[in-house]
Amino acid sequence: MLYEGSCHCGNVAFEVEGEFTEALDCNCSLCRRRGGLLAFVPREKLVLKTPEDNVSTYTFNRHVIRHHFCANCGIAPFGEAVGPNGAAMASINLRCIPAVDIGALTVKAYDGAAR
């Protein structure tokens, strides 16, 4: 299914293709503070609909995940990294997709220990 998502102000908007029934509740130091619920898709399933210049990026720790956010409203709609299999991946903050029923998701806790 094709979904539309964005930050709060719409400055960073995207389309993503996927079936979202589960979400990951990561408890790393960044995710704990921002409260996103993540789902992962191959990077080619995510299409940015606004100019790339609208996206700000933050990295920390090992600097392997590019956490993208809107410098205007502060919301972090997605991130990018390379998965364990070497393929480009996108992590989607499902809270940034209005059509996703957050209450219907199976939410799984992740503590960052598995690599």
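Student: In this predicted model, what does the relative accessibility of Cys28 make it count as?

Tutor: Cys28 has a relative accessibility of 23% and therefore counts as partly exposed, because buried means under 20% and exposed means over 50%. Cys9 is likewise partly exposed, with a relative accessible area of 37%.

Student: How many disulfides does a search of the whole structure find?

Tutor: The search of the whole structure finds zero, and the test to apply is that a disulfide needs a pair of cysteine sulfur atoms within 2.5 Å. The cysteine sulfur closest to that of Cys9 belongs to Cys70 and is 3.7 Å away, so this pair is too far apart for a bond. Cys28 is in no disulfide either, since its nearest cysteine sulfur, in Cys31, lies 3.7 Å away.

Student: Which side chains of strand S1 point to one face, and which to the other?

Tutor: Along S1, which covers residues 2-6, the side chains alternate: Tyr3 and Gly5 point to one face and are buried, whereas Leu2, Glu4 and Ser6 point to the other face and are not buried. S1 runs antiparallel to strand S2 (residues 13-17), and five bridges join the two strands. Among these partners, Ser6 is bridged to Ala13 in S2. The hairpin of S1 and S2 has six residues between the strands, and there Gly10 takes a positive phi near 85°.

Student: Which residues have a positive phi although they are not glycine?

Tutor: As a general idea, most residues other than glycine have a negative phi. Asn61, which is not a glycine, nevertheless has a positive phi of about 55°, and His63, also not a glycine, has one of about 60°. Asn61 lies in the loop between strand S6 (55-58) and S7, and His63 lies in the loop between S6 and S7 as well. Asn61 is exposed, with a relative accessible area of 61%, while His63 counts as exposed at 51% relative accessibility.

Student: How many cavities of 30 Å³ or more does a search of the whole structure find?

Tutor: In general, rolling a probe the size of a water molecule over the atoms shows where empty space is left. Here the search finds one cavity of 30 Å³ or more, and the largest cavity has a volume of about 30 Å³. Its lining includes Arg34, Leu38, His67, Phe78 and Asn93. Strands S7 (66-70), S8 (78-82) and S9 (88-93) each supply at least two residues of that lining. By class, the lining has four nonpolar, five polar and one charged residues.

Technical notes:
Residues numbered from 1 in each chain as written. Predicted model: local features only at pLDDT ≥ 70, side-chain atom pairs only at ≥ 80, totals over all residues. Heavy atoms only, no water. Buried < 20%, exposed > 50% of the residue type's maximum accessible area, 1.4 Å probe, protein only. Helix = DSSP H or I, 4+ residues; strand = E, 2+ residues; numbered from the N terminus. Pairing = 2+ DSSP bridges. 1 Å grid on protein atoms, 1.4 Å probe; cavity = no way out; pocket = protein on both sides within 12 Å on 5 of 7 lines; lining within 4 Å. Points joined across faces, edges and corners; volume = space filled by probe spheres on them. Nonpolar A, V, L, I, M, F, W, Y, C, P; charged D, E, K, R; others polar.
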